[in-house]
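I opened my notebook and the model side by side today. My plan is to look things up one at a time and jot down what I find.

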Amino acid sequence: MFEILEKRSLNPTVTLMRINAPKVARKAEPGQFIILRTDADGERIPLTIADFDREKGSVTIIFQIVGATTEKLNHLNEGDCLQDFVGPLGRATETEGLKKVAVVGGGVGCAIAYPVAKKLHELGVEVHSIVGFRNKDLVILEDEFRASSSKFVLMSDDGTAGEKGLVTDALKKLIESGEKYDRVITIGPLIMMKFVCRLTKEYEIPTVASMNPIMIDGTGMCGGCRLTVGGQTKFACVDGPEFDGHLIDFDEAMARGAMYKPFERHAYEEACNLFKEVK
Amino acid sequence: MPNMSPTRNEMPVQAPDVRNKNFSEVALGYTEEQAIDEAKRCLNCKNKPCSTGCPVQIDIPAFIAQVAEGNFAEAYKIITKSSSLPAVCGRVCPQETQCESKCVRGIKGEPVAIGRLERFVADWHNAQPEAPVEKPAPNGHKAAVIGSGPSGLACAGDLAKKGYDVTIFEALHVAGGVLSYGIPEFRLPKSIVQKEIGGLKALGVKVETNTVVGKTISVDELMKEEGFESIFIGSGAGLPRFMNIPGENLNGVYSANEFLTRINLMKAYKEGSATPIKAGTKAVIVGGGNVAMDAARCAKRLGAEVYIVYRRTEAELPARAEEVEHAKEEGIIFKFLTNPVEIEATEDGWVKSVHCQQMELSEPDASGRAKPVPIEGAFIDVDADCVIMSIGTSPNPLIKSTTEGLDTQKWGGIIADEDGLTSKEGVYAGGDAVTGAATVILAMGAGKKAAAAMDQYMQNK
Ligand SMILES: Cc1cc2nc3c(=O)[nH]c(=O)nc-3n(C[C@H](O)[C@H](O)[C@H](O)COP(=O)(O)OP(=O)(O)OC[C@H]3O[C@@H](n4cnc5c(N)ncnc54)[C@H](O)[C@@H]3O)c2cc1C
Ligand SMILES: Cc1cc2nc3c(=O)[nH]c(=O)nc-3n(C[C@H](O)[C@H](O)[C@H](O)COP(=O)(O)OP(=O)(O)OC[C@H]3O[C@@H](n4cnc5c(N)ncnc54)[C@H](O)[C@@H]3O)c2cc1C
Ligand code: SF4
Ligand code: SF4
Ligand code: FES
């Protein structure tokens with residue numbers, strides 16, 4: 001069974017869990033993800049592998065509570081078990097030949113960006129991390145990023161943490177100051193990644209964006225995770241989740257991401273009410 | 001005295017306008033009286049023409065003779081000599097092009113209802129108190145099966161009966177393959193599939209769900225590190241095809257796999273399900289096979305007005321005749337000789353309508369098949385807020401790309417010989433992974449054949 005070995009709250013809406021999943025831990029690489037179900041009637045949701053320990057056979061996930069399933073997940077505690085936990089899925093981040101990389105993360109996307117930064121750092125790549133949050137209460141993984149980066153820039157929308165402004169502002173400043181990156185890796189809200197990619201296109205810096213479309217099976221069977229990259233249909237679960245950011249049709253991806261909004265809102269409120277009653 | 005009625009016993013069904021609002025099984029099955037009466041229509045032909053039409057050569061006259069006598073247990077034994085999934089095949093085989101197409105009673109009337117009798121016998125057996133299963137004595141050899149669809153289940157069952165230590169590895173959280181995630185409850189109740197899997201477990205077969213071979217573990221690791229001496233790949237043909245027309249990624253466009261997976265695997269049709277589904281108010285299904293019929297009938301049950309758009313005519317529909325019949329009765333509207341060329345969007349990025357080219361059939365070509373060709377300038381628009389692409393699937397490249405020395409066809413099918421042996425020693429394959437999307441009975445037959453060959457291979461090693 002997939003026991004929750006550790007549970008820690010990183011901020012009011014972001015939780016870290018370490019799960020006992022030896023088969024996944026054995027193969028996991030940064031950039032890959034898992035799909036879990038909390039219970040026998042649960043939805044399948046994808047979450048990035050934030051960290052793994054092959055020896056202990058554990059896999060760490062970091063998730064933001066945004067809807068019904070993440071809410072249910074957050075109500076489980078150490079010692080509880082998850083119904084299903086399958087992976088590692090998707091392709092690992094490509095790191096070959098990289099010397100200097102800017103990792104640009106936004107919000108909970110930083111949880112996905114962190115293992116990539118860590119791996120690059122371990123490989124001896126010079127890592128500049130630029131992370132952005134709405135305000136200081138939402139900041140996660142600051143120490144971890146600092147430990148893996150030779151430069152760390154913290155941004156917030158309201159200026160309560162680090163500098164006030166957007167990650168694109170910080171990235172632009174670094175590029176303008178003469179930093180030469182052979183790749184930018186960006187992970188966060190679609191709108192943020194869209195603007196990061198637009199910026200790096202101007203400077204002709206190869207850029208990879210990690211895409212998080214809605215998924216079901218995660219094995220290439222349903223096509224629900226499809227997106228358009230360079231005019232071609234790709235399945236994020238098997239061809240990705242990382243793609244050439246300059247070729248992604250972000251507008252289409254944003255429209256597809258909103259497909260189930262009304263349903264999810266409703267399911268979330270129901271789940272919240274359910275837990276209120278229990279309390 | 002045989003029953004010389006030219007017509008077969010009607011299958012009791014739920015009334016069309018009742019069943020098109022629920023997901024319970026449509027066909028209710030023969031009673032004992034009906035089964036015996038139908039069995040008496042069989043002339044017990046010496047040369048068994050019907051059996052030659054069955055891909056696994058069930059001894060049809062022999063089992064039907066037992067049904068006629070009321071010896072249902074005996075009939076079951078005869079069927080299971082050749083088939084491991086009679087409750088499934090009796091329901092979903094395209095009988096009209098297989099066994100029943102060869103029945104002599106079909107020359108001057110309706111053929112004997114072989115499929116319905118097979119289903120009756122299997123259901124009768126499943127309703128009996130379960131006899132304790134004798135676990136075969138272990139023979140000390142380990143075999144692995146990848147995929148838990150009909151080919152994998154059949155292969156695992158036959159190996160387990162011979163005493164092999166068998167483990168099935170399945171990517172999804174539920175076993176059964178298409179039987180679980182694709183074919184809807186109203187055509188094949190999931191309890192039947194789970195019963196089959198329960199039977200295998202009783203024989204000692206282990207089922208490891210949540211294991212994506214090629215990701216969680218590779219074929220080579222299974223052989224070298226986990227000690228499996230021989231492996232059967234029954235990973236199906238699950239990769240959905242799209243038409244590559246403009247608008248295919250709009251909101252409201254699904255592959256049939258996604259639509260059916262949400263409904264069958266994730267139970268999105270049930271009140272309060274955690275997984276959402278949107279069948280819209282007007283759904284257009286593109287395609288004409290079993291998959292298209294299933295998607296259409298699911299959409300209908302979820303409350304949509306449903307159109308099937310197919311580029312040839314009714315005569316060419318590849319779906320089982322019964323499904324087409326049932327779909328029509330349930331109020332599904334067919335638009336033949338129409339081919340989508342573009343999906344138009346609303347302002348906020350949802351499907352608005354499907355722009356279709358009208359077609360006509362050309363003169364039959366060398367292969368004897370009439371090709372649909374566009375009628376110049378003739379287009380129609382079909383309003384829709386949901387479009388389901390159901391134009392076929394191909395084998396998933398994952399196993400091929402992670403298994404050294406496993407040869408495949410250009411289109412992705414694994415290359416295997418008559419017995420299922422692939423280009424890699426000890427590795428066998430069968431079912432849709434080899435043939436491309438086909439049928440349950442062919443997949444099951446391939447699994448059985450491979451099991452026999454794997455047995456030989458492991459015994460001679
Ligand atoms: C490959 C991949 C990796 C991911 N990694 C992480 C991770 O490490 N940490 C994390 O917190 N989240 C991650 N996500 C997003 C996560 O899967 C969703 O937040 C989760 O499915 C929401 O489930 P829910 O039932 O709680 O919310 P829902 O009720 O399903 O959704 C609530 C809100 O989130 C949006 N949403 C739904 N699914 C997604 C999605 N796949 N991506 C983005 N927004 C979505 C909805 O539109 C809605 O506004 C990842 C997604 C993918 C595809
Ligand atoms: C909607 C629908 C309706 C159909 N209706 C009919 C019908 O009426 N009559 C009929 O005869 N046929 C019908 N078919 C076709 C029939 O279901 C298939 O031909 C048959 O199921 C093929 O069996 P299989 O064992 O080859 O593969 P599948 O049933 O496809 O099973 C393959 C299994 O392997 C698993 N798998 C794949 N890759 C991996 C991996 N890397 N690691 C682990 N597991 C993996 C999959 O998750 C799946 O569970 C229908 C198909 C569909 C989709
Ligand atoms: S398995 Fe299929 S083809 Fe063979 S007898 Fe039964 S219904 Fe007919
Ligand atoms: S061909 Fe028809 S009548 Fe003859 S044995 Fe077969 S089922 Fe019976
Ligand atoms: S999640 Fe189903 S194909 Fe990617």
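**Entry 1: helix α13(B) and ligand 2**

I began with the helix α13(B), which gives the most to the shell around ligand 2, with three residues. Before going on, I reminded myself that this is a predicted model. I checked the length of α13(B) next: twelve residues, and 16 Å from the first C-alpha to the last, close to the 16 Å expected at 1.5 Å a residue.

Is α13(B) mostly covered or mostly exposed? I found ten of its twelve residues buried, so I wrote down "mostly covered", with buried meaning under 20% relative accessible area. Among the buried ones I noted B:Asp294, B:Arg297, B:Lys300 and B:Arg301, along with B:Ala292 and B:Met293. Just after the helix, I saw that B:Gly303 takes a positive phi of about 100°.

Then I turned to the ligand itself. I got 34 residues surrounding ligand 2, and the closest are B:Val92, B:Ser151, B:Glu170, B:Arg187 and B:Asp432. Besides α13 (290–301), I listed α8 (150–161) and α17 (440–460) of chain B as giving at least two residues each to this shell. Sorted by class, the shell has 16 nonpolar, 13 polar and five charged residues.

I also looked up contacts to oxygen atoms of ligand 2:

- A backbone N or O atom of B:Val440 sits 2.9 Å from one.
- For B:Val178, a backbone N or O atom lies 3.0 Å from an oxygen of the ligand.
- B:Asn290 uses an N or O atom of its side chain, at 3.5 Å.

How much of ligand 2 does the protein cover? I wrote down 93% of the 1000 Å² of accessible area that the ligand has on its own.

**Entry 2: ligand 1 in chain A**

Here I counted 23 residues around ligand 1, with A:Pro46, A:Ile62, A:Gln64, A:Thr70 and A:Asn212 as the closest. Two of those names came back when I looked at polar atoms. A backbone N or O atom of A:Ile62 is 2.8 Å from a nitrogen of ligand 1, and a backbone N or O atom of A:Gln64 is 2.8 Å from an oxygen of ligand 1. I added A:Pro213 too, with a polar backbone atom 3.2 Å from a nitrogen of the ligand.

The protein covers 85% of the 840 Å² of accessible area that ligand 1 has on its own. I noted β4 (45–48), β6 (58–64), α2 (68–74) and α9 (261–278) of chain A as the elements giving two or more residues to the shell. Which element gives the most? I found β4(A), with four residues. By class, the shell splits into 13 nonpolar, seven polar and three charged residues.

**Entry 3: cysteines and ligand 4**

I went hunting for disulfides and found zero over all chains. B:Cys89 is in none, and the nearest cysteine sulfur, that of B:Cys93, is 4.5 Å away. The cut-off is 2.5 Å, so I couldn't count that pair. B:Cys89 is buried, at a relative accessible area of 1%.

B:Cys103 is buried as well, at 10% relative accessibility. I met B:Cys103 again around ligand 4, where B:Cys42, B:Cys45 and B:Cys50 are also among the surrounding residues. That shell has nine nonpolar, one polar and one charged residues.

**Entry 4: backbone oddities**

Why did I bother with these? Most residues other than glycine have a negative phi, and most peptide bonds are trans.

- I found a cis peptide bond from A:Gly87 to A:Pro88, with omega near -5°; A:Pro88 is in strand β8 (residues 84–89) of chain A.
- Another cis bond runs from A:Gly240 to A:Pro241, with omega near 10°. I placed A:Pro241 in the loop between α7 (236–239) and β17 (242–244) of chain A.
- B:Lys48 has a positive phi, near 45°, and is partly exposed at 31% relative accessibility.
- B:Asn210 has a positive phi of about 55°, but I noted this residue as buried, at 7% relative accessibility.

**Entry 5: one buried threonine**

Last, I looked up A:Thr186 in strand β13 (residues 183–187) of chain A. A:Thr186 is buried, at 0% relative accessibility. I saw its side chain reach the backbone oxygen of A:Val104 at 3.3 Å.

Terms used:
Residues are numbered from 1 along each chain as its sequence is written. Chains are lettered from A and ligands numbered from 1 in the order in which they are written. This is a predicted model: local features need pLDDT of at least 70, side-chain atom pairs count only at pLDDT 80 or more; totals for chains, interfaces and linings use all residues. Side-chain values use heavy atoms; hydrogens and water are left out. A residue is near a molecule or strand if one of its heavy atoms lies within 4 Å of it. A polar contact is a pair of N or O atoms within 3.5 Å; within protein, one must be able to donate a hydrogen and the other to accept it, and residues adjacent in sequence count only if both atoms are side-chain atoms. Accessible areas come from the Shrake-Rupley method with a 1.4 Å probe; for residues, only the protein chains shown count as cover. Ala, Val, Leu, Ile, Met, Phe, Trp, Tyr, Cys and Pro count as nonpolar, Asp, Glu, Lys and Arg as charged, and the others, Gly among them, as polar. The expected span of a helix is 1.5 Å times one less than its number of residues. Buried means under 20% relative accessible area, exposed over 50%, partly exposed in between (1.4 Å probe, protein chains only).
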